[in-house]
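Colleague: I am new to this structure and would like to learn how to read it feature by feature. Could you take me through it slowly?

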Amino acid sequence: MAKILGTSLPAADQVALLRTLGLLLQISLTLFAADTFGLSLQMEPLVYVFVLEVLYLSFTLALRKPLFIKEGGLFIALSLDTLLWISWLYFSGGATNAFISLLLLPIALAAVTLPIWAPWVLTAISTLAYSVMIFTALKSPMQHHGMDMNSHYLGMWLNFVISALVITTSVALITKRMHRQDALLAYMREGQLRQEQLLALGTVSAQMAHQLATPLSSLRLLLDEVKDDMNGTSITITEMETALSRCEHTLNELRLATESIRDRRQRPQKIIEIIEGLKQKILLLMPQTELNWHINCAPEQLSELSILTDMSLTPAIMALIENAARASAETINIPQVDIGLDIAPNADQLYLQIRDYGAGIAPSLMPQLGTLLVQSPKGLGAALLLSHASLERLGAELILANHPQGGTVAQIRFTILKTN
């Protein structure tokens, strides 16, 4: 039985099994153990209760998955279960029924599976019904071996109330804590997976950078020899030299960024300096991109505020801008990107927004982009993953969303450093 009720069954099936066992217990006690436990049976109404309960249970078991997928459906089912339990108890002895505590079963299920308000509602219903039954039983004084049974029934009622309150509070709080711990463990597993992916990407990048150093040096020598042989320059030679210089510059920045990350060289930097550096980088590396800057704060304010940076910040932002330019070019044939800059009213956060005019992000990919490598028609999302990791290490937050008028918005939230 423990194996049946274990984690091998889905939650809906486990609840269904417990409800079925409850019905079988009612029928068994009524047919085979009434005399043993002193149940005062009213068979005619009990037959109607059992017929109604079998039909209702069969209906809810057949539709248990769509019914229990929402909290409201499960709560309604448990509420009706409670009313049916009350009906069986009332027609089998009422407050004198030794199995009155089985009213705690729906309360316990609600405490484990539903929000905290649900077991409280079921507790109120069960306590009210038990109170009516106990009030009815106390009207006729009863003696058993010289003992006043009214005091005994009042004790049973008080014990039921206390047990219901313990389940409602303790079990619900323990379940809530377990759900919080499960969510934390899931987040930690995702973080571990992301770190493993980043480590693999970093190892491959370092190997590739090391392998590219020698070919680039050879190409520089060959290009110099071609220029000497031609006794002049041409457009082709100039373009080759520009492309080669860009590769050398990127490789050098990669080395510096690697050293900075390895040594944890984080430093405060003025926001205005970061903006000017981005503008220069974009003009140098992406001259064809049409940028629209929307800086919604005064220049003197930007010159006074700083954020925490290292060598990985600019490449992380550049990767987002490059993705935005590519998405716009694929949709409107123009690499157009809007960059907005805002400061929170209390000047504690900086918001950098990068908007493209592309097709947007598929809803199925939205929760995974920036946190995992995902397969998509445009690649694996490695640039977003690396940008997200770089920004997270600096205490910043990257949020991706589809723009209401089309395209995608990548918002970076930086914490502004307080000046002494």
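Colleague: What is the order of the five strands in the open sheet, and what kind of pairing do they have?

Modeller: Before the sheet itself, please keep in mind that this is a predicted model, in which local features need pLDDT of at least 70 and side-chain atom pairs count only at pLDDT 80 or more, while totals for chains, interfaces and linings use all residues. Residues are numbered from 1 along each chain as its sequence is written, and side-chain values use heavy atoms, with hydrogens and water left out.

In general, strands of a sheet pair through backbone hydrogen bonds, either parallel or antiparallel. Strands (E, at least two residues) and helices (H or I, at least four) are DSSP runs numbered from the N terminus, and two strands pair if DSSP finds at least two bridges between them. Here the order is β4-β6-β7-β9-β8, with mixed pairing. Because β4 (290-295) and β8 (397-402) each have a single partner strand, they stand at the edges, and one side of each is left without a neighbour in the sheet.

Colleague: Which strands does β7 run antiparallel to, and how many bridges join them?

Modeller: Strand β7 (residues 349-355) is joined to β9 (residues 408-415) by seven bridges, and six bridges join β6 to β7; both pairs run antiparallel. On the β9 side, I354 stands opposite A410 and R355 opposite V409, whereas on the β6 side L341 faces L352 of β7. The hairpin of β6 and β7 has five residues between the strands, and there A347 takes a positive phi near 60°.

Colleague: How should I read helix α11, and which of its residues are buried?

Modeller: An α-helix has 3.6 residues a turn, so residues three or four places apart point the same way. Helix α11 (residues 313-332) reaches 29 Å from its first C-alpha to its last, close to the 28 Å expected, where the expected span is 1.5 Å times one less than the number of residues. Its buried residues (under 20% relative accessible area, with exposed over 50% and partly exposed in between, for a 1.4 Å probe and protein chains only) include L313, I317, L320 and I321. Just after α11, N333 takes a positive phi of about 65°.

Colleague: Where is the largest nonpolar core, and which residues have the most contacts inside it?

Modeller: A nonpolar core is a set of buried Ala, Val, Leu, Ile, Met, Phe, Trp, Tyr and Cys residues joined through side-chain atoms within 4.5 Å. The largest has 41 residues, and those with the most contacts inside it are L78, W88, L103 and L114. Helices α1 (11-32), α2 (43-62), α4 (71-90), α5 (104-113), α6 (117-138) and α7 (149-230) each supply at least two of its residues, and α4 gives the most, with nine.
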